[in-house]
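Biologist: I am new to this structure. Please take a close look at the salt bridges.

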Amino acid sequence: QLEPVESGGGLVQPGGSLRLSCAASGFTLSYYAVGWFRQAPGKEREGVSCISSYDGNTYYTDSVKGRSTISRDNAKNTVYLQMNNLKPEDTAVYYCVPVPVCDEMFGRRGPRERWDWGQGTQVTVSS
């Protein structure tokens, strides 16, 4: 199984910002739709945002819409999730992974075939 590598998490105060990064050594992420997911303690993993491979279409779950931006830097083979105006309820481990399709159902499908969850990156929003 293949695993992406997430980074960029940390401890931030409410209202702060973080930029999460997703990389996959040896694989060209621009070929794949990529999704960001998160899992808070005691809760199921949920889809947060995704970006398609061919047209750059994006999707955001309602709880982060207007506060987050997903993007790609193909030269750096990296997908980013910029999160602004962070709230305590955003506290979770964040994961990225290639997904079959970027649409409103991507969170239910999970990883694309041959890909598995990485270690994730912890985001903690607290004063």
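Modeller: What follows covers the salt bridges and the residues that form them. This is a predicted model, in which local features need pLDDT of at least 70 and side-chain atom pairs count only at pLDDT 80 or more, while totals for chains, interfaces and linings use all residues. Residues are numbered from 1 along each chain as its sequence is written, and side-chain values use heavy atoms, with hydrogens and water left out.

Side chains of opposite charge can pair when their charged atoms come close. A salt bridge here is a side-chain nitrogen of Lys or Arg within 4 Å of a carboxyl oxygen of Asp or Glu. The structure has five of these salt bridges.

One of them joins Arg67 to Asp90, at 2.8 Å from N to O. This pair links distant parts of the chain, 23 residues apart: Arg67 is in the loop between β6 (58–60) and β7, and Asp90 is in the loop between β8 and β9 (92–99). Strands are DSSP runs of E, at least two residues, numbered from the N terminus. Arg67 and Asp90 are both buried. Buried means under 20% relative accessible area, exposed over 50%, and partly exposed in between (1.4 Å probe, protein chains only). Through shared partners, salt bridges join Arg67 and Asp90 with Arg38 and Glu46 into one network.

Another salt bridge pairs Lys65 with Asp62, at 3.1 Å from N to O. Lys65 is partly exposed because its relative accessible area is 49%, and Asp62 counts as exposed because its value is 61%.

Arg109 and Asp103 also form a salt bridge, at 2.8 Å from N to O. With a relative accessible area of 39%, Arg109 is partly exposed.

Terms used:
Helix = DSSP H or I, 4+ residues; strand = E, 2+ residues; numbered from the N terminus.
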